[in-house]
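The following briefing concerns the arrangement of two chains and the packing of selected helices. Please consult it alongside the sequence and the model.

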2 protein chains.
Amino acid sequence: MPKLGMEPIRKEALVKATIVEIGRVGSLDVTVSQIAKRAGMSSALAHHYFGSKEEMFLAAMRHILTLYGAEVRGALVAAEGPEGRIRAILRASFSPTNFRREAVGAWLNFWVLSQSVPEAKRLLAVYQRRLRSNLVAAIRPLAGDRAGAIAESLGAMIDGLYLREVLKSGAPDGAAAAELALRHLEAELARGA
Amino acid sequence: MPKLGMEPIRKEALVKATIVEIGRVGSLDVTVSQIAKRAGMSSALAHHYFGSKEEMFLAAMRHILTLYGAEVRGALVAAEGPEGRIRAILRASFSPTNFRREAVGAWLNFWVLSQSVPEAKRLLAVYQRRLRSNLVAAIRPLAGDRAGAIAESLGAMIDGLYLREVLKSGAPDGAAAAELALRHLEAELARGA
DNA sequence: AAGTTTATTGACTCGTCAATCAACAAAAAA
DNA sequence: TTTTTTGTTGATTGACGAGTCAATAAACTT
């Protein structure tokens, strides 16, 4: 009994299921059937809406990136002053939404995907550029010319913390990670002053 | 015309070929045939010596880890004083041997592997513990109680720099990466003083 | 010389999985 | 009401790839 207008609903369900399954399995070795099953439909339907598995992965990636971008923007509008803006970015980066197991596991696998799928690489590059420019903008008033270098290292730090989150076992602790990133930043700033 | 004592030779060739192929393809989606071909033998022989693809991956991982460990130890014996010891560890971490494309690409994929293969996780944990304890030992004389926290963040920084190396395109630049890590460390140390 | 161990591969099995297709159902348009 | 569009799936195809096996050969042992 087909209701109309299912496309967006199905697609969203598939995207979420993709992320969950990648997180669960811990790699991109996930079958379309697994994903479709978790999303409550047949694998044929998944192909119907996305055409290929790769498209599914890319859609999932865009979803994570969009989520992250939205959260950063949201935190940024409510932020006061340069210090506040940086804190906002870090808070968003390590928020429960973005720093949850599934999402972080998905990140790791998207990094891998970007090695062989150009579009994935592109998406990742876009995100990195945006993060960098946000950081530089926030840091410049505090550190002038050194903003670029500091943003670079803070970016690496953030990625590193994501990575370690994946590797470690146990519940995620965004607060602790954000703490570390902030300490790093403060140390860098203090050094220049 | 079978010469005897081929086992170690074949195994080494396979391990190296595994790393190269993983780096080339950019993922663990590498067939035993590809690896065997690059190593100059049939896939049947690869199975003969390693039993399974997973064993091949683990052997490759051990190889990379051993290489890294040896380089750190080597740099460490020639190091003078705490500062020198830290520099030694960083120099080894970002040396041309360890920071080359193939090796870094392999790392990324080993991180993924550790998500689903317990032995891979174990190996990675061993490496992380060793790195941490080396760092703490070198940092303690300079920062006392804060050594643990600093080692933690420096470790994350190193991993993050590896990750970024994979993502970026272009030739690897270990010197620049080591520079960033060192700046981070100095900033942290200065903060405490 | 006969027997054993090591090296080596081509051919094969068996399973898995992405992608396609034919078919059916219901809503919307004509 | 016929036709078209949208939703849906079970069954099938076709490829690919891990792991096994039988067979062959050279060395080493007794």
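**Helix packing and chain symmetry**

Helices α1(A) and α4(A) are roughly perpendicular to each other, a term that covers angles of 65 to 115 degrees, whereas under 35 counts as roughly parallel, over 145 as roughly antiparallel and the rest as oblique. This is a predicted model, in which local features need pLDDT of at least 70, side-chain atom pairs count only at pLDDT 80 or more, and totals for chains, interfaces and linings use all residues. Residues are numbered from 1 along each chain as its sequence is written, chains are lettered from A and ligands numbered from 1 in the order in which they are written, and side-chain values use heavy atoms, with hydrogens and water left out.

**Packing within chain A**

- The axes of α1 (residues 7-25) and α4 (residues 53-77) of chain A come within 9 Å and cross at roughly 90°; axes are lines fitted to C-alpha atoms, for helices over the stretch in contact, with angles running from 0 to 180 degrees between N-to-C directions.
- Helices (H or I, at least four residues) and strands (E, at least two) are DSSP runs, numbered from the N terminus.
- From α1(A), the residues V15(A), T18(A), I19(A) and I22(A) meet M56(A), F57(A), A59(A), A60(A), H63(A) and I64(A) of α4(A), where contact means heavy atoms within 4.5 Å.
- This contact of α1(A) with α4(A) comprises 8 nonpolar, 2 polar and no charged residues; Ala, Val, Leu, Ile, Met, Phe, Trp, Tyr, Cys and Pro count as nonpolar, Asp, Glu, Lys and Arg as charged, and the others, Gly among them, as polar.

**The surroundings of V32(A)**

- V32(A) belongs to helix α2 (residues 32-38) of chain A.
- With a relative accessible area of 10%, V32(A) is buried (under 20%; exposed is over 50%, partly exposed in between, with a 1.4 Å probe and protein chains only).
- Beyond its neighbours within four places in sequence, V32(A) is in contact with S43(A), A46(A), H47(A), K53(A) and M56(A).

**Relation between the chains**

- A turn of 180° and a shift of 0.0 Å along the axis lay chain A on chain B with an RMSD of 0.0 Å, by least squares on the C-alpha atoms of residues with pLDDT of at least 70 in both.
- The two copies are thus related as by a two-fold rotation axis.
- G160(A) is the residue of chain A that comes closest to this axis, at 1.8 Å (C-alpha).

**Packing between the chains**

- Helix α8 (residues 147-167) of chain A packs with helix α6 (residues 101-116) of chain B at about 30°, their axes 10 Å apart.
- α8(A) and α6(B) are therefore roughly parallel to each other.
- L163(A), V166(A) and L167(A) of α8(A) meet W111(B), S114(B) and Q115(B) of α6(B).
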